[in-house]
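Trainee: Could we go through this model together? I should like to start with the symmetry.

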Number of protein chains: 2
Amino acid sequence: MSSLASSRPNVTISDDMIPAGFRFASAPIGIKASGKPDLTLVVADGRVAAAGVYTTNLIHAASIDWNRAAPIEQGMRGLVINSGNANACTGVRGEQDNARMAALAGASVGDDPQSFFVMSTGVIGHFLPMGKLESGIPSVAKSLSAGAVAFEAAARGIMTTDQFMKVAFRSLETASGTVRIAAMAKGAGMIGPKMATMLAVVTTDAALGSAELHRALKVAADASFNCISVEGHMSTSDALVCFASGKVTLTDSEKAAFQEALTEACIELAKLIPTDGEGAKHLVAIEVAGAASDDDARTIAEAIANSPLVKTAITGNDPNWGRIVSAAGYAGPAFDPRQVALELCGQTIFHDGQPTEFDAAALSQTMSSSAEVSVVLSVGSGPGRARHWTSDLTVDYVTFNSDYTT
Amino acid sequence: MSSLASSRPNVTISDDMIPAGFRFASAPIGIKASGKPDLTLVVADGRVAAAGVYTTNLIHAASIDWNRAAPIEQGMRGLVINSGNANACTGVRGEQDNARMAALAGASVGDDPQSFFVMSTGVIGHFLPMGKLESGIPSVAKSLSAGAVAFEAAARGIMTTDQFMKVAFRSLETASGTVRIAAMAKGAGMIGPKMATMLAVVTTDAALGSAELHRALKVAADASFNCISVEGHMSTSDALVCFASGKVTLTDSEKAAFQEALTEACIELAKLIPTDGEGAKHLVAIEVAGAASDDDARTIAEAIANSPLVKTAITGNDPNWGRIVSAAGYAGPAFDPRQVALELCGQTIFHDGQPTEFDAAALSQTMSSSAEVSVVLSVGSGPGRARHWTSDLTVDYVTFNSDYTT
């Protein structure tokens, strides 16, 4: 459907990109009618430090409550993920089914139910097919293995409407050896701001306590998954979890480098989500600068990102400064319209509150040939900055989200 | 383009529906390339009480600043409106052009520049063709006349992408005679919440001071124009003004009835805007009840109205409760998900936090045959209520807003 998504290059994953101390497995167990993989396990060799950030939607999946209540201070063993069914809006029975999934995953590796996070993604309002999970989880656990092939199988197993696998890797040389970060995510629709993310899993062999891992993950999520959107509709199931197997000890300065690598990996991964946005023809990279605060800049960036008029103008390769600056104008934060300047694909098209003279046909041609369209808006001389990545809004998005029942 | 808009019945306007004390005129003066009417005058027989509410967008047209600064306490004489050019983001020259429009309108009836409001609607970022206005305004003023034909000409003259004329009328019998309200509006895109309205003009022959007229207009706008959206993008030019010619004196109880009539007329007029929403197939009427406050209910209703996933589901006639309740869940206000209930086209499809058993195919058929789809969401037992009207999101909307340059 999307030329943007199909232009995504293949990724080759090698064993040395995968952190030590983890095994992965994924297989079809019959939840998806398509027969595609729908049950995935990520398991550490023993209890490890872990952290998670989750959707702030009041209407959310049973798994979100379960993960929030996880006894992280005792260490976590792993994560069981099913795709094809979100187990959301399923009441008490949904909570029981979720707990049973964790128990099956725990038992499959000889650990407690509480040592497993759970993620469920797919349609909401339907009960999980527990018969399939009762036999499927122990069966998939038998194929758990370390390394690149198993990691890739897991990354593919969590996909739903995604058109391509979403992974990101970083490595860091330290005095105690190499630290690796290997991360995977899924998501192409129901992607909105104020969220934690869609589903994403980060594994690393760094040695960090759960509390410091949580702080690092929060910093990374705020700069990445919390800065993306497709249509601005926050999911019921967004969850990002991170496991640190503790193989490599970090000095304080190495921890700072680890934070940077973790944030970069999360940004790379997060940007893949709107790149695969339903029907998307362009990834739109929005930068707002000169606001009174970072929060103000973020609010303005989100207003631009969520405007259907901005998104359709970019779909149509129209350098429509009016739609962009007027979206900033209603975002809420105060600024002086006479100080507004706008760059589109690197060209200044609005300055001192008025449009500049520019070659609209040439700029439209540049937009047309760019997979990523950059929007850089300055609203004054304040210190506030923010970045946001979104997809454009196409006929294919509307068709995909209105014609699916027919 | 829209079957919803084309199903709108014709309105027959008669002289006795038009308040005494006003004259109207509209004609093409060459601002629009199409040759359609683009210059409209609404003029009271003398200075009258007037009130206005305007867009809260920081990026706004020169006319908005002019109207906000109008010396309403001295009484206002009328309003000059051009379509085809919004005179927004045009800097100091735009402000000068706007003042000149007011001066030309004032001079054409022997009054001061400051006695005229100005509205400009159309593309933004272009200078007004002042040569055409210099000769056009005095020329159009010569055809000012009272009654239905002139009123209808004015209502048609302010249209831009509108597919049909938007008018609403009310009358009220009082001890001193009949009070009439005649109102007109334009708008089909760039319609967002937190706005005043698109362009709308209300005339009445009631005798009310400017201050009480402003209070009444604010109450009416908050229940009508501030409760509609098409795509949620707030315009740079939204303005609603009201003139009261003072022919009929009202008692206190008649003033309450006048408020009710004014609010009803504004609601009727406001609903016509999303009915004519670009590409719209359904008008979506959203009611939220049981929230902690009216503000909370309004925030939830707006989140539902602005979700592209909700809008595309309604386009596709899908009773997709999940998209609706999850939009409520991320809106912000706190509520207990277990108390949520949802009616769609009068049928309960979600209750106690879970979907009910319902015939989805039959309900989809009902949606398909309904021009107006009602969404009634209860989020608890609080006193907060709100209503919001929006359009669905269709392939035609995206085509219209992305392919316009090609």
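Trainee: Which residue of chain A comes closest to the rotation axis?
Mentor: In this predicted model, that residue is A:Val395, whose C-alpha lies at 2.5 Å from the axis.

Trainee: What turn and shift lay chain A on chain B?
Mentor: A turn of 180° with a shift of 0.0 Å along the axis does so, and the RMSD is 0.0 Å. That is therefore the relation of a two-fold axis. Both copies use the same surface, since 100% of the contact residues of chain A recur in chain B.

Trainee: How many residues are in contact between the chains?
Mentor: On chain A there are 46, in contact with 46 residues of chain B. Elements that each supply at least two residues to the side of chain A include helix H9 (308-315), helix H10 (321-330), strand E13 (354-355) and helix H12 (395-402).

Trainee: Which of them gives the most?
Mentor: H10(A) does, with seven residues.

Trainee: And how do the residues on that side divide by character?
Mentor: On the side of chain A that touches chain B, 20 are nonpolar, 22 are polar and four are charged.

Trainee: Turning to the interior, which residues have the most contacts inside the largest nonpolar core?
Mentor: They are A:Ala183, A:Ile304, A:Ala328, B:Ala183, B:Ile304 and B:Ala328, in a core of 259 residues.

Trainee: What does B:Ala328 touch?
Mentor: Leaving aside residues up to four places away in sequence, B:Ala328 touches A:Ile59 from chain A, together with B:Ile300, B:Ala303, B:Ile304, B:Leu377 and B:Val379.

Trainee: Which residues does the second core include?
Mentor: That separate core has six residues, among them A:Leu393, B:Leu393, B:Tyr397 and B:Val398.

Conventions. Residues are numbered from 1 along each chain as its sequence is written. Chains are lettered from A and ligands numbered from 1 in the order in which they are written. This is a predicted model: local features need pLDDT of at least 70, side-chain atom pairs count only at pLDDT 80 or more; totals for chains, interfaces and linings use all residues. Two residues are in contact if their C-beta atoms, placed from the backbone, lie within 7 Å. Helices (H or I, at least four residues) and strands (E, at least two) are DSSP runs, numbered from the N terminus. Ala, Val, Leu, Ile, Met, Phe, Trp, Tyr, Cys and Pro count as nonpolar, Asp, Glu, Lys and Arg as charged, and the others, Gly among them, as polar. Copies are superposed by least squares on the C-alpha atoms of residues with pLDDT of at least 70 in both. A nonpolar core is a set of buried Ala, Val, Leu, Ile, Met, Phe, Trp, Tyr and Cys residues joined through C-beta atoms within 7 Å. A residue is buried if 20 or more other C-beta atoms lie within 10 Å of its own, exposed if 12 or fewer, and partly exposed in between; C-beta atoms are placed from the backbone.
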